[in-house]
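Me: Please take a close look at one part of this model, the largest cavity. Then set that part against the rest of the fold.

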Amino acid sequence: MTPADLSRAVLSAVRSAVDGGELAVAVPERVVVERPGPGGAGEWASNVALRLAREAGRTPREVAEVLRGRLVAAPGVAGVEVTGPGFLNVTLAGDSVGALVARIAAEGEAYGSGDALREAPPVPVPGGSEPRARVVAEAAGRLVRAQGGSVRGGGAGPVPARPGLHSEAVLGADGVRWALLHTAPHDLPHGAEVLEQRARNPLFRVRYAHARSRGLVAGGAALGAVPEPGPVSGEAARVLTGLLGEHPAVLVAAARKGAPDRLARQLVTLADAFIDFHDSCDVLPRGGEKPGAAHRARLALAEAAGTVLAGGLSLLGISAPDHL
């Protein structure tokens, strides 16, 4: 079960409680799940009970207990605990890491695409003749279409080799796109740092993480280690898995707002989490060690991260080379 699946399960619990007469509230359009904060439990948490309490005329904990009784029966949920003033804390059943990695392997770079915007009105995208407006509109349109929606306004056109961001250098098509897309609309675009093959260049970090993932898979094949989804332990793996699970929701949010910068910044966060995971454990066997189940599971998680990074860059119109 992904965070998006769990969000739908929580929303279904709310709707079921309303239909059953246990709660008198308007069913929200969406429910957000996130990692538990201090004092929390389980793998995911939601504050939906706190949001609904006033309208329901009940305490948040009372609302949470109503929802807990329905959510605990949802497929893929192992347990639900109410903590603090009324947070729902959910523990998933089975090997949630392996299931997520297997899903990404099955869906490939299309992971996170869907029909969330199929029934939604066209997403407004600002137009304009300047390069940034054209690039943003093009990327936003790609994001919206990947969710089954359509755009209103905007427009796309060829990106000039010299966008006027840095007079001494030609950034290249990918560098231009990243410089124009990574920053929020109200901020100035990046400049020369998108040329640098070093860590302070966010595009380099994303591409490096993708290339390192592909290198690990190739290295594993040479050692007889084939990616095989399974449980992966460690805090770095937990953080990376959480970001991979959140990816579909990030794509939907970016598409709803026509905001490709949200995806670009998420890719940087994902790349940094992958590097932390890579540095925290031996993904591949060392010193003549034979590959075991743990290596195969870590390799599968690394491959999944590379797949998601490549898919995200593709939605932004940026290439993901296997070698840098």
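Reply:
**The largest cavity and its surroundings**

G108, E109, Y111, H247, L251, T307, V308, G311, G312 and L315 line the largest cavity. The model is predicted. Two elements, α8 and α10, each give two or more residues to this lining. Helix α10 supplies the largest share, five residues. By class, the lining holds four nonpolar, five polar and one charged residues. The volume of the largest cavity is about 40 Å³. The structure holds one cavity of 30 Å³ or more. A general point on method: rolling a probe the size of a water molecule over the atoms shows where empty space is left.

Now the open space. The largest pocket has about 880 Å³. It is lined by 27 residues, and the closest to its centre are A4, S7, R30, A249 and V252. Here the elements giving two or more residues to the lining are α1 (3–19) and α8. Helix α8 brings the largest share to the pocket lining, seven residues. The classes in the pocket lining are 13 nonpolar, five polar and nine charged residues. Helix α8 therefore serves both linings, since a residue count of two or more is reached by α8 in the cavity and in the pocket, with helices taken as DSSP runs.

Next, the packing. The largest nonpolar core has 55 residues. Within this core, W178, L240, L244 and F277 have the most contacts. Seven helices each supply at least two of its residues: α4 (96–107), α5 (131–146), α6 (172–181), α7 (202–223), α8 (235–257), α9 (260–280) and α10 (293–315). Helix α10 gives the most, with 11 residues. A second core stands separate from this one. That second core has 29 residues, including L52, V66, L67 and V82.

Take L240 as an example from helix α8. Its relative accessible area is 0%, so L240 is buried. Neighbours within four places in sequence aside, L240 is in contact with L270, A273, F274, F277, L301 and A305. One of these partners, F277, is itself listed with L240 among the core residues with the most contacts. L240 and A271 are 31 residues apart in sequence, yet their C-alpha atoms are 8.9 Å apart in space.

Helix α10 offers a second example, L313. L313 counts as buried because its relative accessibility is 0%, and the cut-off is under 20%. Leaving out residues up to four places away in sequence, L313 touches W178, L203, V206, R207, L267, I318, S319 and A320. W178 in that list is also one of the core residues with the most contacts. From L313 to L263, the distance is 50 residues in sequence and 8.8 Å in space, C-alpha to C-alpha.

Which side chain makes a polar contact with the side chain of D174? The partner is R207, at 2.5 Å. D174 is in helix α6. D174 counts as buried because its relative accessibility is 18%, and the limit is under 20%. Setting aside residues up to four places away in sequence, D174 touches L203, R207, G317, I318 and S319. Several of these also touch L313, among them L203, R207, I318 and S319.

Helix α6 also holds R177. R177 has 13% relative accessibility, so R177 counts as buried too. The side chain of R177 is joined to that of E138 by a polar contact of 2.6 Å.

Last, the whole chain. The protein has 10 helices and five strands. Of its 324 residues, 47% are buried. Take the contacts between residues at least 6 apart in sequence: 68% of them join residues at least 24 apart.

Back to the cavity you asked about. Its main contributor is helix α10, with five lining residues. Helix α10 also gives the most to the largest nonpolar core. Helix α8 appears in the cavity lining, gives the largest share of the pocket lining, and supplies at least two residues of the core.

Terms used:
Residues numbered from 1 in each chain as written. Predicted model: local features only at pLDDT ≥ 70, side-chain atom pairs only at ≥ 80, totals over all residues. Heavy atoms only, no water. Core = buried A, V, L, I, M, F, W, Y, C linked by side-chain atoms within 4.5 Å. Buried < 20%, exposed > 50% of the residue type's maximum accessible area, 1.4 Å probe, protein only. Helix = DSSP H or I, 4+ residues; strand = E, 2+ residues; numbered from the N terminus. Polar contact = N/O pair within 3.5 Å; in protein donor to acceptor, adjacent residues only side chain to side chain. Contact = heavy atoms within 4.5 Å. 1 Å grid on protein atoms, 1.4 Å probe; cavity = no way out; pocket = protein on both sides within 12 Å on 5 of 7 lines; lining within 4 Å. Points joined across faces, edges and corners; volume = space filled by probe spheres on them. Nonpolar A, V, L, I, M, F, W, Y, C, P; charged D, E, K, R; others polar.
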